[in-house]
Amino acid sequence: MAAQFVRYTPDVEDDDPDFDRNLQTVIEKTESYIAESVEAGGTGRALRDAHAKGYGLVRGEVEILDGLAPEYAQGIYATPGTHDALIRFSNGSPHAGADARLGAATGLALKIFDIPGPTLLEDEPDTGTFDYANINGPIFFCNTVEHYLFIQELFLNAPAYFSQGRPGARRFFTEFVTGKGTLDQDNWAWDEFLAFLRLSKTPPANLLLSSYWTMGAVRHGDHIAKVRITPDPSYAAAVVRRTIDPASAQEVFRPALQAELQEQPYAFDIQVQLCTDLERMPVEDTTVEWPEQLSPSVTVARLRLPQQDISGPENLEKMDSLSFTPWRVTAEHAPLGNIMRARKEVYRRSSIERHKLNQQPRTEPRSADEVLGPAR
């Protein structure tokens with residue numbers, strides 16, 4: 001019997017009467033952290049408040065496949081064709097420094113060019129670009145902007161906690177679960193804390209061998225989905241540097257990525273998992289992994305990375321000047337849920353503040369060539 005996919009309606013999202021007030025507090029803390037990072041971050045530049053350390057900017061090409069079933073041929077995936085793209089690989093931490101200090105949470109941010117239709121960013125509707133900002137885990141450790149108030153603070157100050165050894169770690173974990181003392185015991189953040197522990201145990205991997213998910217749910221035209229960017233098995237099998245040991249050197253992720261792409265091309269599959277059950281595949285609870293047995297991920301596009309050299313310092317400079325946000329999409333792909341909704345203004349204001357402090361022009365490119373120069 002064919003799966004019955006849940007139809008998107010606005011009421012799949014919960015209303016939060018305190019959303020705007022809590023969001024403004026998060027924005028203020030974010031802007032303050034970015035301003036302070038110029039001196040405190042160790043690089044002499046303003047850092048992103050998440051994914052502060054980038055590993056490389058990569059040229060790519062997205063081929064939207066022909067012949068998709070109607071449920072999957074939605075939004076931008078309704079029109080087969082090939083688009084230039086840029087990919088930013090990064091660490092998930094808000095801090096910079098040696099890879100061993102930052103953990104194994106990594107991100108793949110994708111920018112696809114020449115996508116028609118207005119984006120959901122009111123101040124730049126006609127850029128023709130479409131972004132994903134994905135992480136290497138199928139779940140996330142924060143469900144609401146209210147909880148992000150204390151989780152953000154803990155993460156920005158994590159080095160101070162963990163530098164104190166076990167007592168500091170215990171205090172970090174206690175304050176996470178209790179919301180720094182703000183939560184009633186019946187509402188302690190156990191689900192989010194357990195999701196954080198699960199993600200923190202992700203083993204370090206070559207960036208080309210990880211899968212990357214949209215942090216929460218998104219619209220997929222008439223339906224509700226999560227989107228995964230996952231290695232093409234035949235290309236993954238050819239990766240030489242399969243073991244990553246962050247303790248072996250100051251920099252481990254970028255050199256491995258750089259060497260692989262100098263030697264051979266690579267490819268990922270872009271896959272859509274459609275929601276069939278809002279109870280077991282919730283929109284508002286990002287700590288729940290959507291079961292593949294309820295609805296398998298289906299490949300809708302290929303992301304190809306040609307053989308290329310990303311080794312120069314100018315690659316990192318060009319990467320740093322770019323902005324990625326899950327809200328630079330068309331309405332058919334709108335992010336869903338409380339914490340995804342919060343990312344819209346937090347990412348926008350974070351980008352504005354960072355570019356201002358770094359004296360970088362904040363403009364959306366029209367092509368990969370505009371950023372990296374013509375392909376050789």
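**Exercise 1.** Is Arg 348 buried, exposed or partly exposed, and what is its relative accessible area? Then place its salt bridge with Asp 123 in the chain.

Solution. The model is predicted.
Step 1. Arg 348 has a relative accessible area of 23%. Buried means under 20% and exposed over 50%, so Arg 348 is partly exposed.
Step 2. The side chains of Arg 348 and Asp 123 meet in a salt bridge, with N to O at 3.3 Å.
Step 3. Helix α10 holds Arg 348, while Asp 123 sits in the loop between β3 (106–112) and β4 (130–135), so the bridge ties together parts 225 residues apart in sequence.
Step 4. Asp 123 has a relative accessible area of 42% and is also partly exposed.

**Exercise 2.** Work out which parts of the chain are tied by the salt bridge of Lys 53 and Glu 251, and classify both residues by accessibility.

Solution.
Step 1. The closest N and O atoms of Lys 53 and Glu 251 are 3.0 Å apart.
Step 2. Lys 53 belongs to the loop between α1 and β1 (54–64), and Glu 251 to the loop between α7 (233–237) and α8 (253–263), so parts 198 residues apart in sequence are tied together.
Step 3. Lys 53, at 9% relative accessibility, is buried, whereas Glu 251, at 33%, is partly exposed.

**Exercise 3.** Do the same for the salt bridge of Arg 228 and Glu 292.

Solution.
Step 1. This salt bridge has an N to O distance of 3.9 Å; the cut-off is 4 Å.
Step 2. Arg 228 lies in strand β7 (residues 223–231) and Glu 292 in the loop between β8 (266–274) and β9 (298–305), so the pair links parts 64 residues apart in sequence.
Step 3. Arg 228 is buried at 17%, and Glu 292 is partly exposed at 33%.
Step 4. Elsewhere, shared salt-bridge partners join Glu 31, Asp 123, Glu 345, Arg 348 and Arg 349 into one network.

**Exercise 4.** Describe how domain 1 and domain 2 meet.

Solution.
Step 1. Domain 1 covers 18–137 + 206–372, and domain 2 covers 138–201. The contact takes 25 residues from domain 1 and 20 residues from domain 2.
Step 2. The two domains bury about 2,100 Å² between them, 61% of it on carbon and sulfur atoms. Lys 29, Thr 287 and Ile 339 supply 25% of the area that domain 1 buries against domain 2, more than any other three residues.
Step 3. Two salt bridges cross this interface, and 12 residue pairs are in polar contact between the domains.
Step 4. On the side of domain 1 that touches domain 2, α1 (19–40) and α10 (338–357) are the elements giving two or more residues. Of these, α1 gives the most, with eight residues.
Step 5. That side divides into 11 nonpolar, eight polar and six charged residues.

Methods:
Residues are numbered from 1 along each chain as its sequence is written. This is a predicted model: local features need pLDDT of at least 70, side-chain atom pairs count only at pLDDT 80 or more; totals for chains, interfaces and linings use all residues. Side-chain values use heavy atoms; hydrogens and water are left out. Domain bounds come from an automatic or database domain assignment. Contact means heavy atoms within 4.5 Å. Buried area is the accessible area (1.4 Å probe) that two parts lose on being put together, summed over both. A polar contact is a pair of N or O atoms within 3.5 Å; within protein, one must be able to donate a hydrogen and the other to accept it, and residues adjacent in sequence count only if both atoms are side-chain atoms. Helices (H or I, at least four residues) and strands (E, at least two) are DSSP runs, numbered from the N terminus. Ala, Val, Leu, Ile, Met, Phe, Trp, Tyr, Cys and Pro count as nonpolar, Asp, Glu, Lys and Arg as charged, and the others, Gly among them, as polar. Buried means under 20% relative accessible area, exposed over 50%, partly exposed in between (1.4 Å probe, protein chains only).
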